[in-house]
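Visitor: Please take a close look at one part of this model for me: the salt bridges. I would like to know where they sit and what surrounds them.

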Amino acid sequence: LARVDAGATLLVLDEPTAHLDRASADLVRAAIRRRAERAVVVLASHEHDTTALATMVVPVGVAAASARLEHRAIDDAASLASAADPSAADRGAADAPSAAPPAAEAPHAARTPAEGAPSSAAPGATEPQPAARSRAPRLTVRSLIRPHLAAWAGAIAMAAIAVAMGLSLTAVSGWLIVRASIEEHIMMLLLAIVGVRAFGIFRSVGRYADRLLTHDAAFKVVDELRLRLWRAIAARGAGSRRLLEGGAPLDYLVTLADELRDQLPRVLPPIAVGVLVIAGAGVTTRLVAPPLALVVVLTLALATAAAAALAIWSERGAAAARVGARSALV
């Protein structure tokens with residue numbers, strides 16, 4: 001730990017060689033040895049060959065050691081809280097499990113939006129002042145996405161291009177099939193053939209770039225969310241009885257963050273791409289066949305609304321089952 005300073009790189013690994021065959025595990029261990037030359041590596045493992053890489057081993061027991069670590073973590077958190085805020089120590093002592101039985105916990109809890117972690121509120125506690133409340137910015141999806149608007153704009157643009165290329169491929173190939181038997185000028189058919197090939201290639205490239213940019217933007221948002229949640233949990237420490245129950249930090253840092261990571265690519269880009277594609281189809285129809293522009297736009301809008309309603313209706317039935325399975329897994 002003496003090697004860890006402000007500029008050091010810390011690599012944390014949890015069971016890096018678990019469930020791997022011997023050859024793959026050897027490759028992972030070789031990679032760990034290479035990283036250890038320029039980083040501090042902290043790893044947890046039950047495999048002897050992997051723990052043999054360590055220069056310092058800390059065995060962790062099931063009962064006594066975990067209890068000592070838990071009490072030490074609570075004491076350290078209380079010390080940090082009291083150093084930052086003299087009244088935090090009193091709150092930590094009041095909320096500690098040994099201070100009162102669970103039945104004495106207040107029936108109502110206050111939730112801080114910026115931290116996403118509830119804390120018990122003593123009966124008769126006063127509401128926080130507006131000045132104190134303004135110091136904690138509200139945690140919303142918009143606030144998380146705002147620093148990465150360029151990444152999301154690029155992902156939406158590539159997705160719209162991919163969809164537009166697909167629509168162009170369908171239109172040109174359909175025209176080619178219809179006109180192939182009656183077109184007198186072969187150059188017109190060759191132009192359509194080249195267009196079909198080009199649109200097919202551009203659609204695949206655009207889809208691949210869309211996936212890369214969308215997942216990169218989603219990972220950036222979730223990484224920032226986890227950092228903010230971690231800082232909020234560390235700042236509260238033993239001052240929150242909810243955090244001492246064991247499952248709350250895991251739920252905040254893993255379950256909720258993973259849920260947001262999975263939903264962002266499935267919600268934000270499709271909505272924006274749908275609007276752009278409908279608008280582009282309307283403009284194109286207006287240029288090619290003006291009398292049909294309104295009909296095409298209305299048809300696409302109604303079809304999109306019907307598909308969205310069907311998706312929402314089908315999702316409601318699976319939401320409860322998914323939440324139950326995720327709760328059992330966590």
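**Salt bridges in the predicted model**

Guide: The model is predicted, and the count of salt bridges in it comes to eight. Start with the pair Glu 47 and Arg 29. Their side chains meet in a salt bridge, 3.9 Å from N to O. Glu 47 lies in the loop between β2 (40-44) and α2 (48-51), and Arg 29 lies in helix α1, so the pair ties together parts 18 residues apart in sequence. The two partners differ in cover. Glu 47 is partly exposed, with a relative accessible area of 27%. Arg 29 has 5%, and counts as buried because the cut-off is under 20%.

Look at what packs around that arginine. Arg 29 is in helix α1 (residues 22-36). Leaving out residues up to four places away in sequence, Arg 29 touches Thr 17, Arg 22, Glu 47, Asp 49, Thr 50 and Leu 53. The salt-bridge partner, Glu 47, is one of these contacts.

The loop between β1 and α1 deserves a stop too. Glu 15 sits there, and β1 covers 10-14. Its phi is near 50 degrees, a positive value in a residue other than glycine. His 19 is placed in the loop between β1 and α1 as well. Phi of His 19 is near 60 degrees, again positive in a residue other than glycine. Most residues other than glycine have a negative phi. Glu 15 is partly exposed, at 22% relative accessible area. His 19 is exposed, at 84%.

Now move to helix α8. The side chains of Asp 210 and Arg 207 meet in a salt bridge, 3.2 Å from N to O. Both residues lie in α8, three residues apart, about one turn of the helix. Asp 210 counts as buried, at 3% relative accessibility. Arg 207 is partly exposed, at 33%.

Asp 216 forms another salt bridge, with Lys 220; the closest N and O atoms are 3.3 Å apart. These two are four residues apart in helix α8, so about one helical turn separates them. Here both ends are partly exposed: Asp 216 has 36% relative accessibility, and Lys 220 has a relative accessible area of 37%.

There is also a network. Salt bridges link Arg 226, Asp 258, Arg 261 and Asp 262.

Helix α8 runs over residues 186-236, and Ile 193 is found in it. Ile 193 helps make a nonpolar surface patch of about 370 Å², together with Ile 186, Met 187 and Leu 190. Ile 193 is partly exposed, with a relative accessible area of 30%.

Finish with helix α9 (residues 247-288), where Thr 255 is found. Thr 255 is buried, at 11% relative accessible area. Leaving out residues up to four places away in sequence, it touches Leu 250, Arg 326 and Val 330. Thr 255 and Arg 326 are 71 residues apart along the chain, yet their C-alpha atoms are separated by 8.0 Å. Helix α10 covers residues 293-329. A kink of about 35 degrees is centred on Ala 318 in α10.

For the wider setting, the protein has 10 helices and four strands. Of its 330 residues, 24% count as buried.

Note on methods: Residues numbered from 1 in each chain as written. Predicted model: local features only at pLDDT ≥ 70, side-chain atom pairs only at ≥ 80, totals over all residues. Heavy atoms only, no water. Buried < 20%, exposed > 50% of the residue type's maximum accessible area, 1.4 Å probe, protein only. Patch = residues over 30% accessible without salt bridge, like charges linked within 9 Å, V, L, I, M, F, W, Y side chains within 5 Å. Areas by Shrake-Rupley, 256 points an atom, 1.4 Å probe, with all protein chains shown as cover. Salt bridge = Lys/Arg side-chain N within 4 Å of Asp/Glu carboxyl O. Expected span 1.5 Å × (residues − 1). Bend = angle between axes of the 7 residues up to and from the residue. Contact = heavy atoms within 4.5 Å.
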